[in-house]
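Visitor: I would like to go through this model, starting from its interior and ending at its ligand. Could you take me through it step by step?

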Amino acid sequence: MQITEVKLHSVRLPLIRPFTTSFGTQKVRSAIIVEVHAQATNATGNPTEVVGWGECVALADPLYSPEYTEGARQMMIRYLLPALFAYQDRHGAVTAETVGHSMRAVVGHPMAKSALEMAVLDAQLRARGESFAQYLGATVDRVPSGVSVGIQNSIPELIDTVAEYVEEGYQRVKLKIQPGWDIAPVAAVRERFGPDLLLQVDANAAFTLADAALLRKLDTFDLLLIEQPLGEADLRQHAELATLMSTPMCLDESIVSAEAAADAIAMKAAAVINIKPGRVGGYLEARRIHDVARANGVAVWCGGMLETGLGRAANAALAGLPGFTLPGDISASGRFYETDLTEPFVLDGGYITVPTGPGLGVEPIPEILRELTTDLNAVAAGA
Ligand code: SMG
Ligand code: MG
């Protein structure tokens, strides 16, 4: 495939309600939507012009990970697209499978890299008439939907919020926790919704090993898992905490690659892994982590980064792989957005349908994309 032009749309999507985690409150989702134009070969071997879409999941500020939206846009313009185009010039073509390789000299920036790889993969698959689900190896046509519930102002407010989501049919509830919003909210939700609610917690690295005695109190609530209680670099400490608690240890921020996943599994720092394609540099690396975990009998689930319908579509396809045995943070578009960039994803009996159309199977609605775009960069090949 030959890329002719890449457009970067900086978009802002207002959230229906603020989303608070241990590291801050999100009120608006700012993202970069990547639009790749390319000449490709279709399924019958004829040349065809295609457009592919990607989404950069970096948040507006570098609080979840070092990347941030504006930095990712700069990174793509100054380093990643030039590297990709230089590779294309040398080899005459790029494929989704070589995008990561073409940018390997640039250290870090997995979310920016992931967005470009996703857009190239989408273009490649659209040209061939193959879906993300088929390409990645999904084995189901729908995935169970979980919801991530932010830190609330009070426990009664939390109970009302969770009740709303349970009513809507979400199959699993994840509560965000932080020091001071830890045991009591979990106890209240378990008490109110009973033992059958699939419940888990996510601390986004807000605790330290010195909090082990406190965290251990979570063991009485029959949680599916505790996600990333300690710092990103604290693999050994997570392994130690895991010996002190019966709640299964799940890592998110720490798992930045398949190698990190293999290390975490070997060290027993993770009994479960949250896979986020953006965090690990793309859907191909995400699939590798799935494969490593599955080979080791470690359950995985698909995380969420408040994706628009584009990222949501790709995540639903990924979550259809056989090792994704726990419900993911793949909610309906309406969980976050009044207006999504694509046709909205809806909850169907607690499930999200895996798209079957070519590529992502969804695309941005042009008027909505235009309306939500605050900045547009176009980078042409050979420019
Ligand atoms: O997309 O449903 C979603 C959000 C899920 O809680 C979620 N993501 O650490 O897992 C996580 C967080 C990261 C983003 S918080 C703004
Ligand atoms: Mg998390």
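**Core and ligand**

Guide: This is a predicted model. In the largest nonpolar core, which has 97 residues, the members that touch the most other members are Ile3, Val34, Met76, Phe132, Ile273 and Leu360.

Visitor: Which helix gives the most to this core?

Guide: The core draws on both domains, with at least three residues from each of domain 1 (2–128 + 363–380) and domain 2 (134–353). The helix that gives the most spans residues 110–128 and contributes 11 residues, and this is helix 3.

Visitor: How many residues does the second, separate core have?

Guide: Apart from the largest core there is a separate one, whose members include Val149, Leu175, Leu218 and Met249. The size of this second core is 33 residues.

Visitor: Which residues come nearest to ligand 1?

Guide: The surroundings of ligand 1 comprise 20 residues, each with a heavy atom within 4 Å of the ligand. Those that come nearest are Ser148, Lys174, Asn204, Gly304 and Leu306.

Visitor: Which residue has a polar backbone atom 3.3 Å from an oxygen atom of ligand 1?

Guide: Two polar contacts to ligand oxygen atoms use side chains, with glutamate 227 at 3.3 Å and aspartate 252 at 3.0 Å. The contact made through a polar backbone atom, at 3.3 Å from an oxygen atom of ligand 1, belongs to methionine 305.

Visitor: What percentage of the accessible area of ligand 1 does the protein cover?

Guide: On its own, ligand 1 has 440 Å² of accessible area. The share of this area that the protein covers is 100%.

Note on methods
Residues are numbered from 1 along each chain as its sequence is written. Chains are lettered from A and ligands numbered from 1 in the order in which they are written. This is a predicted model: local features need pLDDT of at least 70, side-chain atom pairs count only at pLDDT 80 or more; totals for chains, interfaces and linings use all residues. Side-chain values use heavy atoms; hydrogens and water are left out. A nonpolar core is a set of buried Ala, Val, Leu, Ile, Met, Phe, Trp, Tyr and Cys residues joined through side-chain atoms within 4.5 Å. Buried means under 20% relative accessible area, exposed over 50%, partly exposed in between (1.4 Å probe, protein chains only). Helices (H or I, at least four residues) and strands (E, at least two) are DSSP runs, numbered from the N terminus. Domain bounds come from an automatic or database domain assignment. A polar contact is a pair of N or O atoms within 3.5 Å; within protein, one must be able to donate a hydrogen and the other to accept it, and residues adjacent in sequence count only if both atoms are side-chain atoms. Accessible areas come from the Shrake-Rupley method with a 1.4 Å probe; for residues, only the protein chains shown count as cover.
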